[in-house]
Amino acid sequence: MADIHKGSCLCGAVRFAAAGELRGVVYCHCSQCRKQSGHYYAATNVADDALTVEGGEKITWYEASPYARRGFCSICGSALFWKHNTADEIAVMAGAFEQPSALKEEAHIFVADKGDYYDITDGLPQFARSTPDIKVADD
Ligand SMILES: [Zn+2]
Ligand SMILES: [Zn+2]
């Protein structure tokens, strides 16, 4: 049996399955992620060919920049995906996965842009912008 991790939006119209080991969860504090989520993003990353999506026609893709788009359920509004236009992988929101998720926390990115009403105190690595491994919206 392959290692399959399932998830969905709040209303269940969009369902997905990610095959294989999931990257650690990265928290993104950039202003776009804050605005879209209401706080900050928490996402893992999945290769395009390891992700299967049901109900994909219910996903609205918002082109937040010339580099990347953000996919959310057009019925319930759940943020689900972040997709760099030239990457062959996709960020999938950690909170959308069924429990137990097998996810582990990894790092904070764009901490220079974080909201002014909270502190990051969990001891995870923090990066002013991205980590060396994560492709972001203006690279
Ligand atoms: Zn939904
Ligand atoms: Zn972000």
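**Exercise 1. State the accessible surface of the chain and the share that belongs to carbon and sulfur atoms.**

Solution. The accessible surface comes to about 7700 Å². Carbon and sulfur atoms hold 50% of that area. The method is Shrake-Rupley with a 1.4 Å probe.

The model is predicted: local features need pLDDT of at least 70, side-chain atom pairs count only at pLDDT 80 or more, and totals for chains, interfaces and linings use all residues. Residues are numbered from 1 along each chain as its sequence is written, and side-chain values use heavy atoms, with hydrogens and water left out.

**Exercise 2. Give the order of helix and strands along the chain.**

Solution. Start with the count: one helix and ten strands. These are DSSP runs (helices H or I, at least four residues; strands E, at least two), numbered from the N terminus. Then read from the N terminus: β-β-β-α-β-β-β-β-β-β-β.

**Exercise 3. Place N45 and decide: buried or exposed?**

Solution. First, locate N45: strand β4, residues 41-47. Next, take its relative accessible area, 16%. Buried means under 20%, exposed over 50%, partly exposed in between (1.4 Å probe, protein chains only). So N45 is buried.

**Exercise 4. Find the partners of N45.**

Solution. Set aside neighbours within four places in sequence; the contacts (heavy atoms within 4.5 Å) are R23, E89, I90 and A91. Now look at polar atoms. The N45 side chain makes a polar contact with the side chain of E89, at 3.0 Å. A polar atom of the N45 side chain also lies 3.3 Å from the backbone nitrogen of A91. A polar contact is a pair of N or O atoms within 3.5 Å; within protein, one must be able to donate a hydrogen and the other to accept it, and residues adjacent in sequence count only if both atoms are side-chain atoms.

Notes. Chains lettered and ligands numbered in written order.
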